[in-house]
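Student: I've got a protein model open on my screen. Could you walk me through some of it?

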Amino acid sequence: MRKIQEQWKRYIANIKTLTFHDVSFWCIEKLKHTQSKQYARALIVFIVIFTILFAEINPHQLLMGSYQFYTGEIIYQEYLISEGTFYEYPETVQTNVSQQQGPSFLYSQANEGEIGVTYQDYILTYDMFGHLLTRQASSDITFQQAQDIEYSPGSKVKTGAYFYPKYSRYGVDCVGCTGRKTGKGNFANGVHYEKDKGVRQFDGTYSGDIKYEGYYIIAADPSIPFCTVLEITNHRFQGAGIVNNQPFQVVVLDRGSAIKGNRIDLFVGLESDMQVGYGKWQTSKKTTATVVKRGKWTKNSLGQRGCKF
């Protein structure tokens, strides 16, 4: 009799080492070979086996209509989460702290900024079936102040960078220019202009006007590379298709001994017959030049220098 008891103890001990996965797999395999008439009876037997092997019922929990399963592998899992709400949007500000990456007068966005939030950490405990058991605060409420989106000078010449230019106009027949008598001349990057033919385009043909590849032409500081396209806003230029205070785009093709820092010089063809003049100020905002894109300074198939976009 004692041997039989010890043998049953070993059986029971072996059964208790089975995992939830082992028993469920065995039950599924058995159900595959169970006749439909025996299905209800087999299901009851399996429920009893599941209860004996995996369930420990707490009487208090039973009264509450719930109980905890134990598998021998995982009883529960804990997760650390943060919950919060935003309360303040970041503001956009302009600072004087240099990025030290490019021209001292060129601004760009220096950081992304952050939304102000209030949040608290919680530990969530789930049973093996994904049911939430407990939700317990694990930290005090934290307030994170909004961080401003900052724009600062010293930026690289890149899309979106901007500066506030001083500006002027010039023509091929300016004092000291080679085209003063001929009406012909070259910009510093090699593009040619003739008063009767206009600006030579990248393919070698002439435009018949003062534009290069659809852009008006400026001289700018050497820190702004050739073939950089800028959009000019809040200005009072007017003429040759430019509308007072309406944005227009220019390309850097030229330099000038007096064109330093944030100064730009707009090419107007001939100074003796300027196609572009000045209109009245229509805004209190500063004139702004914003980098739109960069072209490539290279030669065309004819060996002529120009900008390829």
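Student: Which residues form a nonpolar patch on the surface?
Tutor: Keep in mind that this is a predicted model. Patch members need over 30% relative accessible area, and I115, in the loop between β5 (108-109) and β6 (116-127), has 36%. The patch has about 330 Å² of accessible area together, and its residues are F86, Y89 and I115.

Student: Is I115 buried, partly exposed or exposed?
Tutor: Buried means under 20% relative accessible area and exposed means over 50%, with partly exposed in between. I115 comes in at 36%, so I115 counts as partly exposed.

Student: How many disulfides does the structure hold?
Tutor: One joins C174 to C177, with S to S at 1.5 Å. Another joins C227 to C307, with S to S at 2.0 Å. Counting bonded cysteines along the chain, the pattern is 1-2, 3-4, and the number of disulfides is two.

Student: Take C174 and C177: which counts as buried, and which as partly exposed?
Tutor: The cut-off for buried is under 20% relative accessible area. C174 has 11%, so C174 counts as buried. At 27%, the one that counts as partly exposed is C177.

Student: And how many residues apart are C227 and C307?
Tutor: Their link is left-handed, with -80 degrees about the S-S bond. The pair links distant parts of the chain: C227 sits in the loop between β15 (216-219) and β16 (228-233), while C307 is in strand β23 (residues 305-308). Both C227 and C307 are buried, and their separation is 80 residues.

Technical notes. Residues numbered from 1 in each chain as written. Predicted model: local features only at pLDDT ≥ 70, side-chain atom pairs only at ≥ 80, totals over all residues. Heavy atoms only, no water. Patch = residues over 30% accessible without salt bridge, like charges linked within 9 Å, V, L, I, M, F, W, Y side chains within 5 Å. Areas by Shrake-Rupley, 256 points an atom, 1.4 Å probe, with all protein chains shown as cover. Salt bridge = Lys/Arg side-chain N within 4 Å of Asp/Glu carboxyl O. Helix = DSSP H or I, 4+ residues; strand = E, 2+ residues; numbered from the N terminus. Buried < 20%, exposed > 50% of the residue type's maximum accessible area, 1.4 Å probe, protein only. Disulfide = S-S within 2.5 Å.
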